[in-house]
Amino acid sequence: MKTALTIAGSDSSGGAGIQADMKTMTANGVYAMSAITALTAQNTTGVMSIMEVSKEFLEQQLDSIFTDIYPDAVKIGMVPSPDLIRAIADKLEYYHAKNIVIDPVMIATSGSRLIREETINIMKDKLFPHGALLTPNLWEASVLSGITIRDEMDMVRAAELLSKEYGCAVLCKGGHSEKNANDLLYYDKKYRWFIGERIHNLNTHGTGCTLSSAIAAELAKGKDLEEAIQLAKEYVTGALEAMLDLGKGNGPLNHMWNIKQEDIL
């Protein structure tokens, strides 16, 4: 069985972060492992509190994983502080990690900020150069590139700038667009659109985590980048179309929509 590692924060409500990542990886047929960067007290209405792990403990988690069950792909989500980012970057380099998908999580679907302002520059300098793929949403791509994204050509410009600056592929996610759910992939001086149908579902908590984890799972299984993105996008669409409705706020997706009930009984 192929393996994938998620390095991210824990979501106590199970809809995003580590929990969403591991559900997604499992549903997409790989063995999921985790290194937790922070504990959060959150639910569908917002984030109440964040408690970071120590740099030393995160390093021990990563050493434990890479020296025993080496991951075929790595997904990185919320990393709240510069020290933790440096620790991750050092371990990725030391262990020659591969197929690294970086979801530059800055703000939760509920609107709660998840990382400190000063952390963003450290993330760009230390972490992004290790990535095979960055998966920013429109707001994140705008912050990271310095380009105000108003239309599709702005998405192309922002993705191109980030790709050239950090030497990796960039998937600029259009899910927050009012018009459609089209995503833009830029790499090797070319770009491709992945057309997506806008699903009228108000429960979108953890969508970004889910997409990046699904891409990592497909890369772990040996799919090329474009096929991995296409398959991951189809998986997320199915999870939204399942219309799971939990909680009082922005609820989670149905990560297990593609697993038949009789298969797990």
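**Figure 1. The largest nonpolar core of the predicted model comprises 44 residues.** Within this core of the predicted structure, the residues with the most contacts are Leu5, Val74, Ile76, Ile88, Leu92 and Leu127. Helix α6 (residues 152-166) supplies the largest share of the core, namely six residues. Apart from this core lies another, made up of 30 residues and including Leu171, Ala216, Ala228 and Ile229. In soluble globular proteins, nonpolar side chains tend to be buried together.

**Figure 2. Surroundings of leucine 92, one of the residues with the most contacts inside the largest nonpolar core.** With residues up to four places away in sequence left out of the count, leucine 92 touches Phe66, Val74, Ile76, Ala97, Ile100, Leu127 and His130. Among these partners, Val74, Ile76 and Leu127 also belong to the group with the most contacts inside the core.

**Figure 3. Packing of helix α1 (residues 17-27) against helix α7 (residues 207-220).** The axes of the two helices lie 8 Å apart, and the helices pack at an angle of about 40 degrees. α1 is therefore oblique to α7. The crossing of α1 past α7 is right-handed. On the α1 side, the contact is formed by Gly17, Ala20, Asp21, Thr24 and Met25, and on the α7 side by Cys209, Thr210, Ser213, Ala214 and Ala217. Classified by type, the residues of this contact are five nonpolar, four polar and one charged.

**Figure 4. The buried residues of helix α1 and the glycine that follows the helix.** Buried positions in α1 are Gly17, Ile18, Ala20, Asp21, Thr24, Met25 and Ala27. These buried residues pack against strands β1, β2 (31-43) and β4 (73-76), and against helices α7 and α8. Of the buried set, Gly17, Ala20, Asp21, Thr24 and Met25 also take part in the contact with α7. Just after α1, glycine 29 adopts a positive phi of about 85 degrees.

**Figure 5. Packing of helix α7 against helix α8.** The two axes approach within 8 Å and cross at roughly 135 degrees. This angle makes α7 oblique to α8, and α7 passes α8 in a right-handed crossing. From α7, the contact involves Thr207, Thr210, Leu211, Ala214, Ile215, Glu218 and Leu219; from α8, Leu225, Ala228, Ile229, Leu231, Ala232, Lys233, Tyr235 and Val236. The residues of this contact divide into 11 nonpolar, two polar and two charged. Ala228 and Ile229 of α8 are also among the residues of the core of 30 residues.

**Figure 6. Threonine 210 of helix α7 and its contacts.** The relative accessibility of threonine 210 is 0%, so this residue counts as buried. Leaving aside neighbours within four places in sequence, threonine 210 is in contact with Ala20, Thr24, Tyr235, Val236, Leu253 and His255. Threonine 210 contributes to the contact of α7 with α1 and to that of α7 with α8.

**Figure 7. Threonine 3 in strand β1 (residues 3-11).** Threonine 3 has a relative accessible area of 7% and is therefore buried. Residues up to four places away in sequence not being counted, threonine 3 touches Tyr31, Met33, Ile69, Tyr70, Pro71, Asp72, Ala73 and Ala220. Its C-alpha atom is separated by 9.0 Å from that of glycine 29, the two residues being 26 residues apart along the chain.

**Figure 8. Proline 252 in the loop between α8 (225-241) and α9 (261-264).** Proline 252 counts as buried, because its relative accessibility is 12%, under the 20% limit for this class. Neighbours within four places in sequence aside, the contacts of proline 252 are Gly15, Thr44, Asn203, His205, Leu244 and Leu246. The C-alpha atoms of proline 252 and aspartate 83, which stand 169 residues apart along the chain, are separated by 30 Å.

**Figure 9. Asparagine 99 and lysine 189, residues other than glycine with positive phi.** Asparagine 99 has a phi of about 50 degrees and lies in the loop between α3 (82-94) and β5 (100-102). The relative accessibility of asparagine 99 is 29%, so it counts as partly exposed. For lysine 189, phi is near 65 degrees, and the residue is placed in the loop between β8 (183-187) and β9 (190-194). Lysine 189 counts as exposed, with a relative accessibility of 75%.

Technical notes:
Residues numbered from 1 in each chain as written. Predicted model: local features only at pLDDT ≥ 70, side-chain atom pairs only at ≥ 80, totals over all residues. Heavy atoms only, no water. Axes fitted to C-alpha atoms, helices over the stretch in contact; angles between N-to-C directions. Helix = DSSP H or I, 4+ residues; strand = E, 2+ residues; numbered from the N terminus. Parallel < 35°, antiparallel > 145°, perpendicular 65-115°, else oblique. Left-handed = near helix turned anticlockwise from the far one by under 90°. Contact = heavy atoms within 4.5 Å. Nonpolar A, V, L, I, M, F, W, Y, C, P; charged D, E, K, R; others polar. Core = buried A, V, L, I, M, F, W, Y, C linked by side-chain atoms within 4.5 Å. Buried < 20%, exposed > 50% of the residue type's maximum accessible area, 1.4 Å probe, protein only.
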